[in-house]
Amino acid sequence: MSPGSSAIPPEKGRRGGVAAIVLALAAAFGAGQAVPAVAQVAPPAPVEATPLARDAFATGLLSRGDGALAPGLWRGARADTLAALLDLAPRRPASPAIGEAMRRVLLSAGDAPPGATSALGGRKLLALARAGFVEEARTIASLSSAPRGDPYVGQALAVADLLEGRPEEACRRNAGLSSGRDEIFWVKLRVLCYALAGERDAAELTFDILRERGAVEPADEPFFLALTTGAAPKTPPAPENALHLAALRQLALPLAPELLGRADAGVLRAVARDESADIATRAAAARMAAAMGVMSREALAAVYAAAPVDVAEVAQAADRARARPDDPMTDILLYQSVAQMNAPEFLRDKAARIALALDAANTFPRAYAASLLYAEDIRALEGALVAPSEAAAFALARMAAGDGEGAAGWLSAMLGTGGLAGLAEEQAMAFIDLASLLAALDPAAARRIADQAGVVLDDPMARARAARAGAPAHGEPETLARVLEAAFEAARADIPGQAGLAALAASRAASGGDPLAQVIVAQSLRAAGLEDLRRRLAFETAWKARFAAPAPAGETRTAAAEQDDGEEGLTPRLKPRKRP
C-alpha cells in the first residue's frame with residue numbers, strides 16, 4: 001500500500017459505513033432507546049486518497065487539456081541522457097514558442113526513467129526556476145518526494161529564494177547542506193551570504209578561492225568585488241542570474257532597461273514583478289519575459305496597469321505615440337487609454353487605438369507583448385468594420401497568438417469587397433507580407449487567402465535565412481552532436497519528453513541561425529507531439545526577421561542579445577507579386 005492511500009477501497013468503505021450505522025440502530029432499538037428515522041441518516045461520503053508522487057518527474061501541474069504530454073513521455077529514456085539535456089535547457093528561451101514548449105515538457109507528469117536519482121528531478125526543478133517558472137518549481141518540490149537535501153533540488157529552491165528577494169532563506173539552505181557544498185553555485189552563494197552577514201574577510205577569502213578555481217565569470221566580477229570591498233562599481237553591472245540580482249539588490253545598485261540584455265528569464269520575471277523597481281525597467285523586463293514565453297498576459301497587463309502615469313498623459317497617448325513611437329513608455333500610456341474605452345460608442349476609437357499600439361512596436365518584444373495584451377480585445381472586435389491598416393495589425397496579432405484562422409479572417413477583411421486591387425500600394429504590399437507570414441503558421445489558411453486575393457506568396461523563411469547569414473555559431477559542435485544523437489534516439493524509440501528536451505537544448509543555436517540546430521528543433525518538436533509549437537516557432541522566426549535595424553536602448557544592446565531575442569527595427573516590406 002502506497003503512503004497516503006486509504007486502507008479501505010472506496011466501495012468497501014461505503015458498505016462498511018452503512019453496516020456500522022445499521023448495527024448501531026439495532027442496538028439502540030434493543031435497548032429501548034428512541035430511534036431516529038432511517039431516512040435522516042446518510043452514509044458518510046467515501047474518501048479517496050491519492051498517493052503522493054514518487055519524484056519530481058511523476059509530479060505534473062498540467063492536464064492533457066492544458067497541453068500536457070502523454071504520461072509515458074519518459075518511457076524508454078536513459079537518465080544520463082536526460083540529465084545532459086536538462087543541463088542544456090535554455091535560461092533565456094529564444095521565443096514564446098520555446099518558452100511554451102519548456103512549460104509543457106517540464107510540467108507534464110510521467111514516470112522517471114529507470115536508474116533516475118533525486119538529482120535528475122532536481123535538475124528539472126533547476127531548469128524551471130532559472131527560466132522563470134519559479135512558482136511551478138516550488139509547487140512540484142512541495143508536492144513530490146524531492147529531497148530538500150539534494151544539491152540540485154536545494155539549488156532550484158535557492159534560486160527561487162534569490163529571485164523572490166529572500167536571500168536569507170537561500171543562505172540557510174546553503175548552511176544546511178549535507179553534501180555538494182563545493183559545487184560552484186554554493187561557493188558563489190557563500191560570497192553573498194558572508195557579505196549579508198557583514199563578514200567581509202570570509203567573503204573575500206571565498207572569492208579568492210573561486211578565482212583560484214577559475215570559476216569567476218566576467219559577469220560575476222563587478223558584483224563579487226562590490227560585495228567583498230563595499231565599494232560600488234564605477235559603472236552599473238548587468239545582472240545575468242539570480243545571484244547577480246540578489247547582489248544588486250543587496251548593494252542597492254541602479255538597474256536600467258539597457259542592463260537587462262543578457263538576464264535569465266527568471267531575472268526578467270523577478271524584475272518585472274518588483275514593485276520597488278523603476279516602472280520603465282519593470283516594463284522592459286516584462287516585455288522581454290513575455291517574448292520568451294515565461295510571462296502570461298495577465299502578469300504583463302498587471303505591470304502596465306500599475307504604472308503611475310499622469311491622467312493627462314494617458315489622455316494624450318495617441319498624440320504621444322505618433323510623436324514618439326520609439327519610446328517604450330508609450331506602450332503603457334496606450335494600454336491604459338485602451339483600458340478606459342469600455343463603452344460601446346468607443347468601439348471605433350478603441351480599434352484605432354489598438355492598431356496604433358501594435359504599429360508603434362518596433363522591436364520583437366514590444367510587438368509580441370502588444371499582441372498578447374490586446375488579444376482578447378481583438379477577438380471582441382471580430383465582425384466590426386475597421387480600416388484595412390487596422391485589419392492588417394489585427395491579423396499579425398492573431399498570428400502571434402497562434403490563431404491562423406483568426407488571422408486569415410482579418411486578412412480577408414483587409415481585402416474587403418474590392419480585393420487586392422482596391423487597396424493602396426502600401427496596403428497591398430502589407431497584405432502580401434502578412435499572408436506570407438501566415439504560410440509559416442498555417443499553410444492551408446495562407447493558400448486560401450492567397451487564392452482569394454489572386455497572388456503568389458513569398459517563402460516566409462527566406463528573409464529569416466538571409467538575416468542570419470554569417471551569424472556566429474552558438475555552442476560547441478560536440479555539444480550539438482550529442483543533442484542530435486539524443487534527438488535521433490528519441491524519434492526512433494518514441495520518447496516524446498526526450499525529444500522535447502532535445503528541441504530546447506538546440507533552441508539557442510537555432511535562433512542564432514545554425515541550420516543543423518534548426519532542423520533538430522523543428523523535427524524534435526514534431527516528435528514530441530508539439531506540432532502546433534513547431535508552426536508557431538516557424539512563424540516567430542520569420543516575424544523576427546522583419547526586425548533588422550538597431551533597436552532603442554533597453555530593448556537590444558549587443559550582437560549576442562540580438563541573436564537571442566531578435567529585438568530590432570522594421571525593414572521595408574516586399575511588393576506584391578501577381579499570379580502569372
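**Overview of the chain.** Buried means a relative accessible area under 20%, with a 1.4 Å probe and protein chains only. This is a predicted model, in which local features need pLDDT of at least 70 and side-chain atom pairs pLDDT 80 or more, while totals for chains, interfaces and linings use all residues. Residues are numbered from 1 along each chain as its sequence is written, and side-chain values use heavy atoms, without hydrogens or water. The chain contains 30 helices and two strands, taken as DSSP runs (H or I, at least four residues, for helices; E, at least two, for strands) and numbered from the N terminus. Of its 580 residues, 52% count as buried. Where contact means heavy atoms within 4.5 Å, 67% of the contacts between residues at least 6 apart in sequence join residues at least 24 apart.

**Close-up of helix α13, residues 279–290.** The twelve residues of this helix reach 16 Å from the first C-alpha to the last, which is close to the 16 Å expected at 1.5 Å a residue, the expected span being 1.5 Å times one less than the number of residues. The helix is mostly covered, with eleven of its twelve residues buried. The buried residues are I279, T281, R282, A283, A284, A285, A286, R287, M288, A289 and A290. At the start of α13, the backbone nitrogen of A280 has a side-chain oxygen of D278 within 3.1 Å.

**Close-up of the largest cavity.** A cavity is a set of points on a 1 Å grid where a 1.4 Å probe fits but cannot get out, and its lining residues have an atom within 4 Å of a point. The structure holds two cavities of 30 Å³ or more, and the largest of them encloses about 70 Å³, a volume being the space filled by probe spheres set on the points. Around this largest cavity stand L86, D87, A89, P90, R91, M102, R123, L126, A127 and R130. Helices α2 (79–87) and α4 (118–130) are the elements that give two or more residues to this lining, and the largest share, four residues, comes from α4. By class, the lining of the largest cavity divides into six nonpolar residues, no polar ones and four charged ones.

**Close-up of the second largest cavity.** This cavity has a volume of about 50 Å³, and the residues that line it are Y304, D331, A357, R366, A369, A370, L373 and Y374. Helix α19, residues 364–373, gives the most to this lining, with four residues. Six nonpolar and two charged residues, with no polar ones, make up the lining of the second largest cavity.

**Close-up of M341, in the loop between α17 (329–339) and α18 (347–360)**. M341 has a relative accessible area of 11%, and it therefore counts as buried. Leaving aside its neighbours within four places in sequence, M341 is in contact with F346, D349, K350 and R353. One of these partners, R353, is twelve residues from M341 in sequence, and the two C-alpha atoms lie 9.7 Å apart in space.

**Close-up of S436, in helix α23, residues 425–441**. The relative accessibility of S436 is 1%, so this residue counts as buried. When its neighbours within four places in sequence are left aside, the residues in contact with S436 are L457, D458 and P460.

Methods: 1 Å grid on protein atoms, 1.4 Å probe; cavity = no way out; pocket = protein on both sides within 12 Å on 5 of 7 lines; lining within 4 Å. Nonpolar A, V, L, I, M, F, W, Y, C, P; charged D, E, K, R; others polar. Buried < 20%, exposed > 50% of the residue type's maximum accessible area, 1.4 Å probe, protein only. Polar contact = N/O pair within 3.5 Å; in protein donor to acceptor, adjacent residues only side chain to side chain.
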